[in-house]
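Work through the exercises below with the model open in a viewer. Try each task before reading its solution.

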Amino acid sequence: MRDIGEDAYARVEDARCVLGALGMDAERSNERSALVLLALLNLRVADRWDQASNPMLGTRAIMDFIRDEYGRDYAPNTRETVRRFTLHQFADAHLLVQNPDDPSRPVNSPRWNYQVVAQALPVIWTYGTGGWEKSLEEYLAVVPGLKAQHAAARKLDRIPLTLPDGAGIALSPGGQNVLLKAMVEEFCPRFTPGGRVLYIGDAGDKWAVFDQAAFAALGVTVHEHGKMPDLVVYLPDREWLVLMEAASSHGPVDATRQGDLATLFAGSTARLVYVSCFPDRAEFRKYVDKIAWESEVWCADHPTHMIHYNGERFLGPYG
């Protein structure tokens, strides 16, 4: 940082001190995290701390600000590092909120954004003044209350879902979870009656439902980092394992994905069925030429019908 000037270096070091005082660990108070904080506060090198604000910014806007104002030009593939190792932890610490304008925004939306909580601004404004320690103490005292408020808000936003056996769970808001709800509550009763849900991949919790014992009984070993389908349903009477993708987030079961799933479930004693699920036919049309043969398509806006990418049978396994 020294190569872009002492003032910029000093500002970044101050930001690191602020993060440390707010209770962040070493990685969340390193140079990268300090620069992210400065971007979220819209604080340029020459600005005073009491000029900090809290605009809603996406990851790209954050990195553009860092490049333009502080001369640190991170590679595009660093965005995921910024999201996973700085922004997510800032959110966990309730220093920022995600999508305050639309908490239900899908996780793959280009409009996903972050905003420093309003309660943190007054303490940040006092950094470098005689009021810093008192305002910091007062802010840290209210953080537990903020955590409770945010937890309650997240609970209210969660998507209730009823499994085929009548059990109820709740999915995190947004992402493909709205479509997942339709897949479980609309598709399953119509096309996999009597089926058992063995796995649901929540947008916010990869293992929302995971019946490890059932997978093991079928000869399937599920690895933590394996690219699971979004929904897996087992039909014991037919010995089918139905692998379903919520294509609005991850794309459909194309030839490559079909091969990946075949490898992942290679040990299965049940035969495999592949289904690409879309929220509507408009979304399906974007992928119509990419769907794998010997697979199925279902659109939530026409839940009683399916589209079969084959010439010999309806829903069922092949080979």
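Two strands count as paired if DSSP finds at least two bridges between them. Keep that cut-off for Exercise 1. The model is predicted.

**Exercise 1. Find how strand β5 is joined to β6, and name the residues that stand opposite each other.**

Step 1. Locate β5 at residues 196-200.
Step 2. Count the bridges to β6: there are two. The cut-off is at least two, so β5 and β6 pair.
Step 3. Read the direction. The two strands run antiparallel.
Step 4. Match the residues. I200 stands opposite V209 of β6. Y199 faces F210 of β6.

**Exercise 2. Find the bridges between β5 and β7, and say whether β5 is mostly covered or not.**

Step 1. Strand β7 spans residues 231-235.
Step 2. Four bridges link β5 with β7, again in the antiparallel sense.
Step 3. Take I200 once more: its bridge partner in β7 is L231.
Step 4. Check burial, with under 20% relative accessible area as the cut-off. Four of the five residues of β5 are buried, and the strand is mostly covered.

**Exercise 3. Place the strands in the whole sheet and identify its edges.**

Step 1. Write down the order: β6-β5-β7-β8-β9-β10-β11. These seven strands form an open sheet with mixed pairing.
Step 2. Look at the ends. β6 (209-210) and β11 (306-309) each have a single partner strand, so one side of each lacks a neighbour in the sheet.
Step 3. Add the helix. α10 (residues 255-264) packs on the sheet and touches β8 (240-246), β9 (271-278) and β10 (295-299). The direction of α10 makes about 140° with that of β9.

**Exercise 4. Describe how helices α2 and α3 pack, and classify the residues of their contact.**

Step 1. Two packed helices are described by the angle between their axes and the distance between the axes.
Step 2. For α2 (residues 31-40) and α3 (residues 59-70), the angle is about 100° and the axes lie 9 Å apart.
Step 3. Angles of 65 to 115 degrees count as roughly perpendicular. α2 and α3 are therefore roughly perpendicular to each other.
Step 4. List the contact. From α2 come L35, V36, L38, A39 and L40; from α3 come I62, F65, I66 and Y70.
Step 5. Sort these residues: nine are nonpolar, none polar and none charged.

**Exercise 5. Summarise the chain.**

Step 1. The secondary structure comes to eleven helices and eleven strands.
Step 2. Of the 319 residues, 46% are buried.
Step 3. The chain exposes about 15,700 Å², with 51% supplied by carbon and sulfur atoms.

Technical notes. Residues numbered from 1 in each chain as written. Predicted model: local features only at pLDDT ≥ 70, side-chain atom pairs only at ≥ 80, totals over all residues. Heavy atoms only, no water. Contact = heavy atoms within 4.5 Å. Axes fitted to C-alpha atoms, helices over the stretch in contact; angles between N-to-C directions. Buried < 20%, exposed > 50% of the residue type's maximum accessible area, 1.4 Å probe, protein only. Areas by Shrake-Rupley, 256 points an atom, 1.4 Å probe, with all protein chains shown as cover. Parallel < 35°, antiparallel > 145°, perpendicular 65-115°, else oblique. Nonpolar A, V, L, I, M, F, W, Y, C, P; charged D, E, K, R; others polar.
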